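Colleague: I would like to learn how to read a model of this kind, feature by feature. Could we go through it together, with the general idea before the particular case?

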Amino acid sequence: MKQQTTCPYCGVGCGITAELSANRILSVSGDPQHPANRGRLCVKGSTLHETTAPEARLLLPSIEGRAVSWDTALDKVARQIRQAVDQHGAGSVAMYLSGQLLTEDYYVANKLMKGFLGSAHVDTNSRLCMASTVAGHKRAFGADAVPGCYEDLEIADLILLVGSNAAWNHPILYQRIQAAKQANPSLRVVVIDPRATASCDLADLHLQLQPGSDAALFNALLVYLADQGHVDHAFLLQHAEGFEQTLATARADTPDISIAATKTGLDNHDLTRFFRWFAATERTVSLFSQGVNQSSSGTDKVNSLINCHLATGRIGKPGSSPFSLTGQPNAMGGREVGGLANQLAAHMDFSPENVDRVQRFWNAPNMASEPGHKALELFNAVERGEIKVLWIMATNPLVSLPDTQLIRRALKRCELVIVSESMADTDTLQLADICLPASSWGEKYGTVTNSERCISRQRSLLPPPGEARHDWQIICEVAKRLGFAEAFNYPHPAAIFAEHAALSGFENAGKRCFDISGLSRLSQTEYDQLQPIQWPVTTDAPYGTQRLFSNGKFFTPSAKARLIPVSSQQPMQQLTDEAPLRLNTGRIRDQWHTMTRTGRTPTLFRHRAEPFIDLHPLDAATHALQDQDLARLENAQGQFIGRVRITPGQRPGEVFVPMHWTQSFSSEGRCNVLIESVADPISGQPESKQGAVRLSGV
Ligand code: SF4
């Protein structure tokens, strides 16, 4: 028997056809009908069936290490939440969610917290992934909306990969670019990245810029476009605002190519070549990812790039778009329901009108009226003792958040840590008071949204093992015990999705970009058979919307896009005599997040078997290190030990380490112990790519 579903790893959101036999997944292959991947899968996706063995799974609920019944566990969760709210107020309860959750899980979690308990302290690991893009989109477009679609990659004549190693992290999109380049030899690819990554194999030009200098580069590009007569003044006049002030700020920041060369570390010739190509190429797609987002000025970097697209009118047209590549399978779905602490629901913020609107829609008794704590603030509040009950779902913050010592202290201090998790041995689970076994990919049933706004179905292939339950069911059971049975009495995820879709269209009438009200009346059968569809989906666009802003209208009060003045900034984590090397952290080709799933198959260790340190030959020589030596990176916060890989792809003075290894796989290979707890003040996204360390042999 065959079943269609969606890959749970990256934001490409590939469709999968799974072959099943008596409670086993025999094989997986790319779904040829899915628009994201058209039958292809990368190595992670194609080994999914090797990762579903029940041996490593969390099978029973437990309290303080003792197995208990679901009723006992759920009663205690509800009782302690009620007690915390009564004694310390709603703000003493928080949730930390995940881009691995399905939209339906996310929706009920957000509804319970923001509408029924009255706490907006609901944040997510998507904060680590695309929060700067969300903030940048809202500033520029008045909505958190990716304008383009994957098909633009096949139409473009110039593709920028900015802070993105798509060859490893969005492999199927990279393959689409490869195919597009073969079909259209005049298509140029420019990689803008401090490292020479696998994505450079396709590059006509690699701008190996100084880490963090993206805004200086795009400010200089904006000045060049203006001075060389490449600005689309007709577009700006009709559809955008803020150009003159933005240009003046860019000119003050990076007035010409020679200043840009100094700030970025690039040479004048390469900069000129890039600027000429950009100026001359109408159909330009700028793909950007964590190298832009994971920065203390990530939002400004996003806007500096979007500014260049708006100045040239390159948005809303085939083959012309700034394009954020989300990291996670459902980072966008989480954004849609309000899974970020500064969003209320259905892309609405906390304006009094929105709070009132959502309260009426939910008939909610205890609406949160102010934004809650973003991820780093949230764990700081836990450490201060302000948050008494923390419920973590489907994520491993003890490994993935910066300053892991602080996260450990926070979890130890917290009166009650509840962890909903599908795997039995995550680092975070070890500090949980209550462990709740959750269903996982292949068992879960709901929807996800990928990087091009495409909603796809994840379908159950197997029953959950042991006593594991779906996250939406667990949350609704707690809600019922808290006295909210009527509002959380969903018989099926289809009912949750229908409510979410209806909320997106409630008193909307074209005012808000996120609108899937056209899907609010799906029957359970139609929901089950739902094929991939790009939002908005409304009565006017019943088959979805491939590109946004084609009509030149945006979601700001003036309906015009906004160019945002940006001044380039240095990273917050300063290099010092004690920590003179710039530390870059990131993903590798065959692992995913903290390896709780990909670490289950030996196949995915063939590419990289252990934590490593990528190092330039000059730095290796300075520290008397040979290839394959063990070396130590350290700073005031901690240390990381990895195998030296000497590569000219690194810039001198900079090192790269993978982010995946956990206590279970390598006690000294966790890189986030070295990253300080600093974030972009606008988006709250941590500065994970610009740490500061010293290096020594082991
Ligand atoms: Fe899964 Fe991403 Fe690979 Fe597609 S590209 S198969 S979504 S990991």
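Modeller: Let us take the sheet, keeping in mind that this model is predicted. Strands of a sheet pair through backbone hydrogen bonds, either parallel or antiparallel. Here three strands form an open sheet in the order S1-S2-S3, and the pairing is antiparallel.

Colleague: Which strands are the edge strands of this sheet?

Modeller: The edges are strand S1 (2-6) and strand S3 (24-30), each of which pairs on one side only. From one strand to the next, the twist averages 30 degrees.

Colleague: How many bridges join S1 to strand S2?

Modeller: Five bridges link S1 with strand S2, which covers residues 15-21, and the two run antiparallel. Within that pairing, lysine 2 stands opposite glutamate 19 in S2.

Colleague: What does UniProt place at residues 1-56?

Modeller: The UniProt record, an unreviewed entry, puts the feature "domain: 4Fe-4S Mo/W bis-MGD-type" at residues 1-56. Computed from the model, this stretch is 7% helix and 34% strand, with its end C-alpha atoms 26 Å apart.

Colleague: Turning to the ligand, how many residues surround it, and which are the closest?

Modeller: The ligand is surrounded by 14 residues, of which Cys7, Cys10, Cys14, Cys42 and Gly45 are the closest. Helix H1 (43-46) and helix H7 (171-183) are the elements that give two or more residues to this shell. By residue class, the shell divides into nine nonpolar, four polar and one charged; for that reading it matters that cysteine is counted as nonpolar and glycine as polar. In terms of domains, at least three residues of the shell come from domain 1 (2-51), and at least three come from domain 3 (131-325).

Colleague: Where do the domains of the protein lie along the chain?

Modeller: The assignment gives domain 1 (2-51), domain 2 (56-126 + 336-490), domain 3 (131-325) and domain 4 (581-697), so that domain 2 is written as two segments.

Colleague: And how should I read the interface between two of them?

Modeller: The size of an interface is often given as the accessible area lost when the parts come together. For domain 2 and domain 4, what we have is a count of contacts, in which 18 residues of domain 2 touch 19 residues of domain 4. On the side of domain 2 that touches domain 4, two or more residues come from each of helix H17 (375-383), helix H18 (397-400) and helix H19 (404-413). The residues of that side divide into eight nonpolar, five polar and five charged, while the C-alpha centres of domain 2 and domain 4 lie 30 Å apart.

Key
Residues numbered from 1 in each chain as written. Predicted model: local features only at pLDDT ≥ 70, side-chain atom pairs only at ≥ 80, totals over all residues. Near = placed C-beta within 6 Å. Helix = DSSP H or I, 4+ residues; strand = E, 2+ residues; numbered from the N terminus. Contact = placed C-beta atoms within 7 Å. Pairing = 2+ DSSP bridges. Axes fitted to C-alpha atoms, helices over the stretch in contact; angles between N-to-C directions. UniProt positions renumbered as here; feature names shortened; annotations may be inferred.
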